[in-house]
Amino acid sequence: MKATSAHGVIFRWLIWREILLSWRRRADLFSTLAFFIVIVSLFPLSVDPDARLLRSIAGGVLWVSALLSTMLGFHRMFSQDFADGSLDQLILLPQPLFLTVIGKVAAQFLLLGVPLVLISPLLGLQYGLTSTATLQLASTLLLGVPVLILLNAIGAALTLGIHGGGLVAALIVLPLCIPALVFGAGGNISLVGAVFALTLAFAPPATAAALRISLE
Amino acid sequence: MKRKLRNWYTYASPVTLYPLVNRLIPWFAIPSAILFAAGLYVGFVVAPTDFQQGEVYRVLFIHVPAAWMGMLLYVLMSVYASLGWAYNIRVSSMMASALSMTGAMFTLISLVTGSLWGRPAWGTWWVWDARMTSTLILLFLYIGFIVLQMSIDDPRRADRAGALVAAVGLINVPIIYMSVQWWNTLHQGATIRIVQQSTIAPPMLTALLLMVAACWLYSVAVVLARLSCIMTEREHFQVAE
């Protein structure tokens, strides 16, 4: 009982620390969100702004843009802690490493994923989506963005301290994101949920293993 | 029995494996060359022209073996990489690196030949068909593995990181395949039949089987040659240390 509550305390502290640190560098958060909005707005400019066409590509565009935005600068998730040595301390915490990873992922989702999901209905409006379609898109993103963040964590952990690691991480992670992308852009919420459940089961231990490999 | 087992384990060391590998290479390379020659002869000269597709169907003799090898070598690569990671066998990890290049090459060949075949047969270079899309994704998985290993300087870390990526990729392959299938049925009305309606003529089957065997032997020979190179390189680094 005592041990469980200790885990809870560490977990809460971890999320709080992550939020605090990210908030002190809030330019990163805003630039990610701005990147998302700009990318989504570029599509109607580069293709025909025909309402029917836009409506049919809206899901795919928003999903791919969300994927790229979460990937942008994601290697920072571990590299800053790695650079100042706090990652070594995090690994020494008296709790399984995958819980630490889940804590970091949860904080990233709160900071990055939630604003992204909240802004998506506004962008859906740009594409002339109906309110049902917008709601559906936002809910698939709500379940899907955590999947993207969980998978990104594997790539970030594997390429820790590698020159040009961000690009390598993207190359590794992008093919793994395909199921979430297909189901999400297709608007199938239950299948996105299934992918989320599966990813939540295997990605944090994989990330923990990757961190151990990288820090050896 | 006991003696045999011990002998087998001794080959987990590069020092004992290295001479064996170099001795084995010609035993696979020469039969492979012979089978390639025989397969190409039967495929191009003996096998009859297909009444529906004409001469162009002959791409099949390289396309099908390449596609098989591409998929098989990915599984083999993941198994070797995982063994190397779990049991800390250096040679196993080196084998995975050696397999990755050959596997990626065969996957690329199957995509290119498929596209060349698709142009006259279907009238288009590329179709977002479930099978083609999943082969393309397989190529991406290979590229991720290779790029990651290339970008990490420390060979042991590269081995382990590659093993993790290969294992995660292997878990994901069925899910990716399922999602692509699902996406394909959602987006496309009619799927393209790759299997020919007529039963395959005996010389065609002979040529195909010869080419499959040739590709198998070629893979073994080339992977062993690559393994030999990797071993020379790595063991040399360790001596210099």
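Modeller: A residue is called buried if 20 or more other C-beta atoms lie within 10 Å of its own, exposed if 12 or fewer do, and partly exposed in between. Please keep in mind, as we apply this, that we are reading a predicted model.

Colleague: Then how does Asn88(B) count, and why?

Modeller: Asn88(B) counts as partly exposed because it has 13 C-beta neighbours inside 10 Å. This residue sits in the loop of chain B that runs between helix H3 (60-86) and helix H4 (90-122), and the phi of Asn88(B) is near 60°, which is a positive value in a residue other than glycine.

Colleague: How does Leu209(B) count on the same scale, and why?

Modeller: Leu209(B) is also placed by its neighbours, and since 15 C-beta atoms lie inside 10 Å, it counts as partly exposed. Leu209(B) belongs to helix H7 (residues 202-240) of chain B. Its C-alpha lies 7.9 Å from that of Gly39(B), although the two residues are 170 positions apart in sequence.

Colleague: How should I read chain B as a whole, and how many helices and strands does it have?

Modeller: Chain B has 7 helices and 0 strands, so that its elements, from the N terminus on, read α-α-α-α-α-α-α. Of the 241 residues in chain B, 39% are buried. Among the contacts in chain B with a separation of 6 or more, 80% join residues that are 24 or more positions apart.

Colleague: Turning to the contact between the chains, how many residues does it take from each?

Modeller: The size of an interface is often given as the accessible area lost when the parts come together. Here we can count residues instead: the contact takes 24 residues from chain B and 21 residues from chain A. On the side of chain B that touches chain A, helix H5 (130-151) and helix H6 (155-187) each supply at least two residues, and the largest share, 15 residues, comes from H6(B). By class, this side of chain B has 18 nonpolar, 4 polar and 2 charged residues.

Colleague: Where in chain B is the pLDDT below 50?

Modeller: Where pLDDT is low, the predicted coordinates should not be read in detail. For chain B the mean pLDDT is 83, and 87% of its residues reach 70 or more. Over residues 188-193 of chain B, however, the pLDDT is below 50, and this stretch has 4 contacts in the model beyond near neighbours in sequence. Residues 237-241 of chain B likewise stay under 50, and for them the model has 0 contacts beyond four places in sequence.

Colleague: And which scores does the model have overall?

Modeller: The model scores ipTM 0.86 and pTM 0.86.

Definitions and conventions:
Residues are numbered from 1 along each chain as its sequence is written. Chains are lettered from A and ligands numbered from 1 in the order in which they are written. This is a predicted model: local features need pLDDT of at least 70, side-chain atom pairs count only at pLDDT 80 or more; totals for chains, interfaces and linings use all residues. Helices (H or I, at least four residues) and strands (E, at least two) are DSSP runs, numbered from the N terminus. Two residues are in contact if their C-beta atoms, placed from the backbone, lie within 7 Å. Ala, Val, Leu, Ile, Met, Phe, Trp, Tyr, Cys and Pro count as nonpolar, Asp, Glu, Lys and Arg as charged, and the others, Gly among them, as polar. pLDDT is the predictor's confidence in each residue, from 0 to 100.
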